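Biologist: I'm new to this one, so I'd like to ask why things get the labels they do. Could you bring it up on the screen first?

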Amino acid sequence: MTLQLILNIFLCILLTTRVLGQLSVYDIPPGSPGFQHGNSSQAVQFDSHSLFIDGRRIFLFGGEFHPWRLPVPQLWSDILQKMKAANFNAVSIYVHWGLVEGKSGELNWEYHRSLEEFYKVAQRVGIFVIARPGPYINAETTGGGLPGWLTNIADVARTNQTGYVNAWQSYIKDFAQMTSRYQYPNGPVIAVQSENEFYVSGDEDPTSTEYMVLLEKALRENGIDKVPITANDVYPSGNFAKGLGEVDLYGFDSYPNGFDCAHPPQWSELANYYISGHQNSAPWAPVFFPEFQGGALDGWQGVGYDGCEQLTGPEFANVFYKNNVASGSTAMSFYMIYGGTNWGNILYPGVYTSYDYGSAIREDRLLSPKYDEVKLQGMFYHASPQLLTSSILASGQSQTYTSNSGVFTSVLGLPEGPTKFYVVRQNSNNVTTPTSFLLNIDSSVGQLTIPQLGGHITLAGRESKILVTDYAFGSNFLQYSTAEVLTHTTIDSIDYVVLYVLPGQSFEASFGSTSINNVNLSGSPSVQAKVLNGSVVLFGTLSSSTTALVRFGNTAVLVVDKFTATSIWNPRTIPSFDLSPDTPSILVKGPYVVRNATIIGSTLELVGDTNRTTSILVVAPSTVRSVHWNGSPVSMTKSNLGIGLTGTIPGPVPSLSLPNLKSLKWRTADSLPEVAMGFDDSQWVVANKTEVARSQKPFYGKVVLFADEYGFHSGSFIFRGSFTGGKSSAVQLSLQGGSYFGYSAFINGHFLGSNQGFNGSDIVNATYSFLQGTLNNGRNVLTIVMDSNGLDTDWNANDAFKNPRGIRGYQLIGGSGDFDSWKLTGNLGGEDFPDKVRGPLNEGGFWAERSGAVLPGFDDSKWALGSPFVGIPKAGVQVYRTSFALDIPLGTDASLGFQFTRAPTSNYRSLLFVNGWQFGKFISNFGPQTVFPIPEGVLNHHGMNEIALTLWSLDSSGAKIADLKLVPLGVLSSGKEVVTDAMVSPIYQDLRGPSN
Ligand code: IPT
């Protein structure tokens with residue numbers, strides 16, 4: 001028999017036994033031969049159970065991170081190290097076409113858009129990359145990643161129409177050629193996703209299928225030939241799983257708890273379609289979730305990301321992620337693991353500046369409680385390669401498995417192998433009270449009901465556990481355990497295994513051992529041992545800070561409560577992508593995070609962070625005689641557990657000295673000079689188009705006043721329309737800026753009125769009467785300032801992203817006159833924006849932005865003194881500037897943010913610029929965001945910072961900033977990479993000329 005034949009038979013057995021009771025035979029699709037395990041020499045392969053890298057099965061544990069939402073490349077390693085420390089082995093990234101190609105044909109892949117830099121950081125950290133270049137990404141960003149200039153093209157986006165296909169050629173070519181050099185094993189990239197949540201079109205209209213074919217072809221022809229091309233289906237309906245346009249590796253996403261962050265306790269029941277969906281769509285591939293809910297998005301007038309964090313918190317991760325495993329999944333990536341910031345004008349109208357997403361790693365880079373939960377799971381999945389070949393043997397709420405029908409059990413294992421995984425959970429997610437039960441297991445020591453020594457297994461409300469039987473670790477094995485396994489590792493020939501349960505819960509674990517006569521207990525007394533039928537059985541009820549060690553033979557069992565478990569790290573001591581239990585590793589208990597562990601001679605070099613003075617326990621090979629923490633020696637003594645060394649490592653500085661923004665000197669200027677009759681708009685663009693190619697046409701008025709038609713795709717726009725004579729009585733307007741946009745209109749400097757769009761209403765119609773005395777017989781100027789919350793996304797592939805931003809209709813009423821001419825502006829230079837570092841979406845069209853007053857280096861010495869806390873007494877836009885120095889001690893990771901005080905009854909909008917980067921859009925009456933975290937590198941932690949704040953009062957009564965503070969969001973003593981990026985951001989003189 002050839003190897004091929006053996007593999008095929010094996011594969012057939014796997015496919016037919018995958019779900020017990022559902023025997024069916026599936027065709028292996030003709031495509032993707034290069035990536036089916038055993039078929040080729042490709043480094044990345046898969047079969048129906050898992051992916052393989054270098055011939056070795058892996059559990060793909062990934063998280064989504066958008067490098068461009070953290071535009072400080074020196075902070076990327078911080079996120080990736082935190083992911084790796086939680087045993088993530090993959091990061092999934094969207095690439096943002098609109099940010100890269102601000103003008104058609106002019107691509108910039110530098111700074112925060114640098115894929116090569118990102119791949120290098122990932123390589124260094126040792127984490128695989130799944131690259132998702134779109135071209136359409138959705139992602140709650142302007143246009144869903146499609147560039148603003150694409151709105152001016154007639155052909156429908158996301159189809160095979162020529163205008164669209166031509167448009168993405170350079171972008172995809174660049175992406176693929178750059179990425180091709182980093183395909184594994186030459187780099188960290190293990191997969192490339194084509195399009196996003198896309199669908200096969202019918203035979204009668206092949207436009208979308210053919211587009212997908214063209215896209216995959218372009219990726220392949222430009223070098224993506226060593227790794228699978230993947231698809232992210234919105235539901236397991238098999239789009240591009242086979243047939244025309246089929247990808248190599250099919251996956252589908254799922255957001256089972258939805259997005260209602262206002263009601264975090266409201267959970268959905270667990271989906272039961274994953275298994276059947278996978279069977280019906282791509283049974284030859286693993287159950288792969290390219291996106292699985294890692295948080296939730298929130299929009300204007302939402303409740304804020306705390307609610308989203310709770311909706312998708314540690315209990316959600318505990319129950320739902322384990323259910324993925326119970327559904328046979330060995331490959332999943334959480335969207336988002338780190339959300340970041342919609343700085344500049346990255347946002348689309350459905351979200352605000354923060355894209356925290358309630359993720360495991362918060363926008364300010366601090367770790368949320370969900371991080372602890374995913375870390376515990378990540379450690380277990382990598383410690384348990386037996387999972388990678390397991391099938392679902394049985395599942396249900398039957399009392400065959402447990403003594404309580406309120407418990408749902410899924411049994412995973414190899415039909416012929418001894419190891420089994422019992423995934424237990426409440427039968428319904430509505431149950432929030434504890435449920436206790438006994439589990440019937442079928443193990444190598446026979447059919448047992450556990451625990452054997454009395455007591456129960458308990459699920460605390462919304463809890464799921466994965467309990468193992470016949471589980472090998474090192475040269476030993478666990479017969480069963482009602483506590484969960486965290487990880488295991490072998491150090492100096494001793495096999496360590498770590499078990500945990502929630503404080504207050506009891507456990508029982510049984511080990512087959514040859515030396516049962518010499519059981520040694522140390523640490524917390526709550527754990528006891530006895531010998532039962534030739535096995536060592538440990539048991540006990542754990543309190544909230546339990547660390548107990550039980551030794552027998554060459555086994556060392558560490559039993560901890562779940563909270564203590566979250567402080568245990570298992571860094572590998574050789575650099576590698578591999579998180580398998582065979583890779584040499586150590587155990588460290590205590591720190592906030594352990595980023596790295598290297599053994600150099602007899603010294604263990606640990607790199608990590610603390611949030612307080614921390615006592616640590618280190619279990620490392622006996623060759624280690626000294627321990628360094630972030631480069632400094634730690635005095636270590638033998639631990640009284642009988643193994644390992646303990647010592648104390650320092651916490652962060654006790655306090656930071658931050659400026660009081662209210663007591664700083666502020667200078668101010670008018671940022672809406674355009675309303676003045678005499679304002680010089682001679683350099684502005686003349687609106688001269690009378691037709692548009694897109695299907696969204698002007699409602700009325702002769703010339704087209706869509707900002708994008710004139711190259712302005714970002715932030716705010718100003719229109720000036722001139723007409724002659726004083727006979728008109730009013731002007732009628734139709735303005736479109738996306739939900740929650742705002743505008744103010746002025747005639748000859750007199751305020752006419754303002755309004756704001758709201759949810760679902762991105763068009764505001766208004767008629768403004770001209771008061772007596774406001775019109776001239778000669779020239780009159782109507783000025784409209786408006787902002788946009790970005791372009792709509794295009795989820796339905798129906799060109800919705802082309803919905804205009806600007807004036808959709810205008811007409812003078814009375815006097816039969818019309819406007820003589822219209823001029824407009826947006827960001828300085830439009831598509832020829834000068835700031836290639838911050839890129840096309842940082843600035844909008846306010847005077848403060850166009851003039852460069854928001855940039856560091858701008859000379860405001862001639863401006864009047866004036867503070868935003870005093871504000872302005874009328875409608876209009878004012879800009880304020882101040883500066884301050886920071887001197888954050890080296891080795892401190894300070895997360896700092898600007899905190900506004902909500903003023904729901906006032907009506908203003910503010911943009912916050914930090915050293916020229918727009919990092920906050922505050923709308924006083926829409927909220928909910930009040931705290932705007934600023935990454936180090938945008939904020940200079942070791943020198944001067946220049947702050948500019950715009951204050952747009954939409955009401956004639958004026959506005960002021962109620963309060964604004966620079967606040968610490970978290971302070972760590974940190975071993976993260978040192979940030980110097982503040983130095984590369986261009987200043988006024990680089991972008992606007994020698995002086996203003
Ligand atoms: C899924 C998208 O693929 C992703 O880009 C993002 O928009 C996410 O939603 C929501 O944050 S679409 C899925 C919710 C149907």
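Modeller: Here it is, and keep in mind that this is a predicted model. Let's start with Ala 154, which lies in the loop between strand 6 (128-132) and helix 5 (162-180).

Biologist: Why is Ala 154 called partly exposed?

Modeller: Its relative accessibility is 46%. Buried would need a value under 20% and exposed one over 50%, so Ala 154 falls in between and counts as partly exposed. Ala 154 also has a partner from another stretch of sequence: Ala 693 is 539 residues away along the chain, with 4.5 Å between the C-alpha atoms.

Biologist: And what makes Ala 676 partly exposed?

Modeller: The reasoning runs on a value of 37%, set against the limits of 20% and 50%. Ala 676 is in the loop between strand 38 (667-670) and strand 39 (685-686). Its C-alpha atom is 8.9 Å from that of His 750, 74 residues apart along the chain.

Biologist: Let's turn to the rings. How many aromatic pairs are there?

Modeller: The structure holds 69. Take Trp 267 and Phe 316: their ring centres are 6.3 Å apart, and their planes meet at 85 degrees.

Biologist: How do you know that this pair is edge-to-face?

Modeller: Two checks. The centres have to lie within 6.5 Å, and the planes have to be over 60 degrees apart. With 6.3 Å and 85 degrees, Trp 267 and Phe 316 pass both, so the pair is edge-to-face. The pair links distant parts of the chain, 49 residues apart: Trp 267 is in the loop between strand 9 (249-252) and helix 7 (273-281), and Phe 316 is in helix 9 (residues 314-326).

Biologist: Are those two residues buried or exposed?

Modeller: Buried means under 20%. Trp 267 has 12% relative accessibility, so Trp 267 counts as buried, and Phe 316 at 0% counts as buried too.

Biologist: What makes Tyr 335 and Tyr 357 an edge-to-face pair?

Modeller: Their centres are 5.3 Å apart and their planes are at 75 degrees, against limits of 6.5 Å and 60 degrees. Tyr 335 belongs to strand 11 (residues 329-338), while Tyr 357 is in the loop between strand 11 and helix 10 (369-383). Tyr 335 is buried, with 2% relative accessible area, and Tyr 357 counts as buried at 1%.

Biologist: Which residues come nearest to the ligand?

Modeller: Tyr 357 is one of them, along with Tyr 94, Asn 138, Glu 140 and Glu 197, out of 18 residues around the ligand.

Biologist: What makes the approach of Tyr 357 a polar contact?

Modeller: A polar side-chain atom of Tyr 357 lies 2.5 Å from an oxygen atom of the ligand. The cut-off is 3.5 Å between N or O atoms, so this pair qualifies as a polar contact. Backbone atoms take part as well: an N or O atom of Ile 137 is 3.0 Å from a ligand oxygen, and one of Ala 139 is 2.9 Å from a ligand oxygen. The protein covers 89% of the 380 Å² of accessible area that the ligand has on its own.

Biologist: Why is Glu 140 called buried?

Modeller: Its relative accessibility is 8%, and the limit is 20%, so Glu 140 counts as buried. Glu 140 also has a positive phi, near 55 degrees, in a residue other than glycine.

Notes:
Residues are numbered from 1 along each chain as its sequence is written. This is a predicted model: local features need pLDDT of at least 70, side-chain atom pairs count only at pLDDT 80 or more; totals for chains, interfaces and linings use all residues. Side-chain values use heavy atoms; hydrogens and water are left out. Rings of Phe, Tyr and Trp (its six-membered ring) pair if their centres lie within 6.5 Å; planes under 30 degrees apart count as stacked, over 60 as edge-to-face and the rest as tilted. Helices (H or I, at least four residues) and strands (E, at least two) are DSSP runs, numbered from the N terminus. Buried means under 20% relative accessible area, exposed over 50%, partly exposed in between (1.4 Å probe, protein chains only). A residue is near a molecule or strand if one of its heavy atoms lies within 4 Å of it. A polar contact is a pair of N or O atoms within 3.5 Å; within protein, one must be able to donate a hydrogen and the other to accept it, and residues adjacent in sequence count only if both atoms are side-chain atoms. Accessible areas come from the Shrake-Rupley method with a 1.4 Å probe; for residues, only the protein chains shown count as cover.
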